[in-house]
Amino acid sequence: MNTAALYHRPESEFCYLYKDGSVHVRLRTAKDDIQSVKLIYADPYKWASSGVGNADNTNSTNYWVYETKKMKKLLSDETSDFYQTEVTVPTKRMDYVFVVEDQKGKKFVYTDKGVLPYKKSLLKSKYAAFRLPYFHQVDAYHAPSWVRDMVWYQIFPERFANGDTSNDPEKVKDWSDQAPDRQDFYGGDLQGVLDHLDHLVDLGVNGIYFCPIFKSPTNHKYDTEDYLEIDPHFGTKELFKTLVEEAHKRGLKVMLDAVFNHIGDTSPFWQDVLQNQEHSKYAAWFHVNSWPVVGDEDPDNFENSTNLTFDTFAFTPHMPKLNTANPEVQAHLLHIAEYWIREFDIDAWRLDVADEVDHQFWKKFRTTCDAAKKDFYILGEVWHSSQPWLNGDEFSAVMNYAYTGAISDFFVKRKISMPQMISAINDQLMLYRKETSTVMFNCLDSHDTPRFLTECKEDKNLFKQVEAFTYLNPGSPCIYYGDEVGLTGGMDPDCRRPMIWDEDKQDKDLYAFFKDLVAFRKENAELLADGTMDWCVVSESNGVLQLERKLGKKRLIGTFNTGKKAVDGDLKGVLLSNRAKIDGKHVTIKPKGFVISRG
Ligand code: CA
C-alpha cells in the first residue's frame, strides 16, 4: 500500500459537521490501492471498566469503547480514491482512527501520528487518535438553504435594457449596434430591468446577479467612484428600492457586486491622495510603495503601467488597490456592505477580485452581513482552488470557473479527455464540504469570458448538450443575460453586447430549451443538490458519458453522446432531450445529443 498517499485532516473538508448533528469523514488513498477502510470512532472519554476515564488513559485495564463503520468509495480522480462515511456521536465529541486493509489483506492503522501496522491494542488504547474536540455548530459551514434552488440570471446593467432615455450618457450607441467598444455607452439602466422582470419570471430564473450599479465613470462600473450612490445613468435609490421590492414579489433574489479590492481613481479618496500626497488623510487607505504617486490622465491606459509607485488591480492606474487592513477603510467598506442590505434588502453580495483581499477583512465582512440579514449569501470571485475562503467564516461559495472550465475544456475545447474531465470534476467536489458544493455558482460564461454559444462556435446542439450536462451537476447554474435568446460575442468588450429584445431576432428555440432546463433544475433541486454522483458509463471509444444522480428512491440519468456516431440503448422516463429519437424504451442519440431520464 502506498502509505504516503493516505491523507486526512480534521476540521477541514475531510472532517466536518453536516446536517442534524452528523459528521462527514473522508479519507484519500492512492487509486485502486486498498481493499477496504473502516472508521473507528467514539467519544474520547468513553472508557470501559473504570467508568469515567480521561482522554489519554492508557491504563491496560481500561479500554476505549469504540464503534466501527465501513467507509464507501465516493469519488476518484486520476491518482486518488476518496472514501467517505457519515456518523453521529450523541455526546458531540469524537476521536477516530482509520483501519485500512491493502490489496494483499494486510491491515494498517492511520492515526494522527502517522500509519502503523495494525494491532487491536492500538484501537483499544485509542493510540494517537484524530480528534474533533467538540461539535461547535457556530464554527460549522452553513449555506443559506434557498441557494440550492437557484437558477441565477446575470445582468450587465448598461447592456440589458434602456428603460429611461432621459438618464442616458452622452453619445449613446444605437441599441441595434452589436459591436460594443471598450468605452461605449448604450444607455441601459435599472428602469430597463424593472420593465423586463416578467421576462425573467417567464424564463423561470429566481435570482438576479447585477454587475456593479454604483457611481462610476465607465460602462462596466468596476472602478467605483462612490459606493453609496447608484450611478445616475442607471437610476436612483428610490428606483433601486422599487426594483428590489418588485423582484422579491416575483420570487427573485437580488445579488449586488461589491468591488472592494480597488476603487476608481475618480473617487474623492484617491483624488485627495493625488493632491496632498503623503499628507493626505487617506494616504494609508492605499498601498503606496513610494512617494510621490502619479496617476494617469489617459482613460484608455489600462494595461501598460508597470512602473506605478502604488498597487492597483492588475496594472490599471485607474484602479488603485484599497488597503483593507486599515481600520478606516474597513469601517467604510463594512458600512457599505451593511447599508445596501439594511436599506434595500438585498439578498447577496458578489465580491470582485475577492482572492486579492485579505482574509481578516472578509471574516469581518461575513460577520457584518450575517448580523444585517439572516441567510445572506456571499459569493467570491475566485477562479482557482478556494478552500481558504470556504470554511464557513468567509464566503458561502465562489464563482465555480474551475468546475465549469473542466466541462468546457472537454466538451467544447477538447483540451482534456473525458476521464480527465471526470477526474477534475471529482477533484473539485472533494475540495469542499458537501454543502458548499450545492451552493456553488456554476456559470459557463460571464462578463469576463467569451459568450458560451460563441465558444461552441455557434453550434447550438453542442451548446445545449453542455448546458444540460452542467445543470445536472451540483451547484446553482447562472444564465448570462442574452444566452437564452442566442446572444453571441467573444472576449470582453464583445461579450457585453446589448440584449436582443426584437422578438424576430431572438432565438425562440433556444429560449424554449432554457425554459425547460430551468424548470427541470427547479423541480429536481433537492436531488441535484444532495444526490450521489455516479459515472455509470465513461466510454472514450464511442463517446458516451452517463451520469447518474440519486437520492433515496429518486434518480436522474443523463446520457450524453460526445462521439461521432449515433448510439442507442434503453432508457425510460425521458424528461429532457435533444437530437434523440425515442421509440418506447429504445433511445437513439445522435452526436452532440443528450437524454435526461428517470431510469
Ligand atoms: Ca437610460
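The exercises below work through a predicted model of one protein chain with a calcium ion, each task being followed by a stepwise solution.

**Exercise 1. The calcium site**

Task: Determine which protein atoms are the donors of the calcium ion, how these residues are spaced in sequence, and whether N167 is buried or exposed.

Solution.
- Step 1. Begin with the atoms around the ion: the side-chain donors are N162 (OD1), N167 (OD1), D168 (OD) and D189 (OD), while D164 (O) and G187 (O) also serve as donors, and the distances run from 2.3 to 2.5 Å.
- Step 2. Turn next to the geometry, where the 6 donor atoms make angles of 63 to 164° among themselves and the site is irregular. For six donors to count as octahedral, opposite donors would have to be over 155 degrees apart and all others between 65 and 115, and the angle of 63° falls outside these bounds.
- Step 3. Read the donors along the chain, which gives the spacing N-x1-D-x2-N-D-x18-G-x1-D.
- Step 4. For N167, compare its relative accessibility with the cut-off: the value is 12%, and N167 therefore counts as buried, since buried means under 20%.

**Exercise 2. H233 and its surroundings**

Task: Locate H233 in the fold, and find which residues H233 is in contact with when its neighbours within four places in sequence are left aside.

Solution.
- Step 1. H233 belongs to the loop that lies between β16 (226-230) and α5.
- Step 2. With a relative accessible area of 29%, H233 is partly exposed, because this class lies between the limits of 20% and 50%.
- Step 3. Once the sequence neighbours within four places are set aside, the contacts of H233 are N167, D168, P169, G188 and D189; N167, D168 and D189 also appear among the donors of the calcium ion.
- Step 4. By contrast, T588 lies 355 residues from H233 along the chain, and their C-alpha atoms are separated by 52 Å.

**Exercise 3. The sheet of 8 strands**

Task: Establish the strand order of the open sheet of 8 strands, and identify its edge strands.

Solution.
- Step 1. The order is β20-β19-β18-β17-β14-β13-β22-β21, and the pairing is parallel.
- Step 2. At the edges stand β20 (397-398) and β21 (441-443), each of which pairs on one side only.
- Step 3. Starting from the β20 edge, β19 (residues 377-380) pairs with β20 over 2 bridges, and G380 is placed opposite V398.
- Step 4. Moving inward, β19 is joined to β18 by 4 bridges, with L351 opposite G380, and β18 is joined to β17 by 4 bridges as well, where A258 has L351 as its bridge partner.
- Step 5. Further along, β13 runs parallel to β14 with 4 bridges between them, and Y153 faces I208; on its other pairing, β13 meets β22 (residues 476-480) over 3 bridges, with C478 as the bridge partner of W152.
- Step 6. Consider the faces of two of these strands: in β13 (residues 152-155), W152 and Q154 on one side and Y153 and I155 on the other are all buried, and in β18 (residues 348-351) the buried residues are A348 and R350 on one side and W349 and L351 on the other.

**Exercise 4. The sheet of 4 strands**

Task: Work out the strand order of the open sheet of 4 strands, and state which helix packs on this sheet.

Solution.
- Step 1. The strands follow the order β1-β2-β8-β7, and their pairing is antiparallel.
- Step 2. Because β1 (15-17) and β7 (72-76) each have a single partner strand, one side of each has no neighbour in the sheet.
- Step 3. On average, neighbouring strands of this sheet are turned by 25° against each other, direction ignored.
- Step 4. Between β7 and β8 (residues 80-88) there are 4 bridges, and S76 has D81 as its bridge partner.
- Step 5. The helix that packs on the sheet is α10 (residues 418-431), which touches β2 (22-30), β7 and β8, and whose direction makes about 120° with that of β7.

**Exercise 5. E467 in its helix**

Task: Decide whether E467 is buried or exposed, and list its contacts beyond four places in sequence.

Solution.
- Step 1. E467 is part of helix α13 (residues 460-471).
- Step 2. Its relative accessibility is 4%, so E467 counts as buried.
- Step 3. Apart from neighbours within four places in sequence, E467 is in contact with L444, F452, F513, F514 and L517.

Terms used:
Residues are numbered from 1 along each chain as its sequence is written. This is a predicted model: local features need pLDDT of at least 70, side-chain atom pairs count only at pLDDT 80 or more; totals for chains, interfaces and linings use all residues. Side-chain values use heavy atoms; hydrogens and water are left out. Donors are N, O and S atoms within 2.8 Å of the metal (3.2 Å for Na, K and Ca); water is not among the atoms, so sites may look incomplete. Four donors count as tetrahedral if all angles lie between 85 and 135 degrees; four count as square planar and six as octahedral if opposite donors are over 155 degrees apart and all others between 65 and 115; anything else is irregular. Buried means under 20% relative accessible area, exposed over 50%, partly exposed in between (1.4 Å probe, protein chains only). Two strands pair if DSSP finds at least two bridges between them. Contact means heavy atoms within 4.5 Å. Axes are lines fitted to C-alpha atoms, for helices over the stretch in contact, and angles run from 0 to 180 degrees between N-to-C directions.
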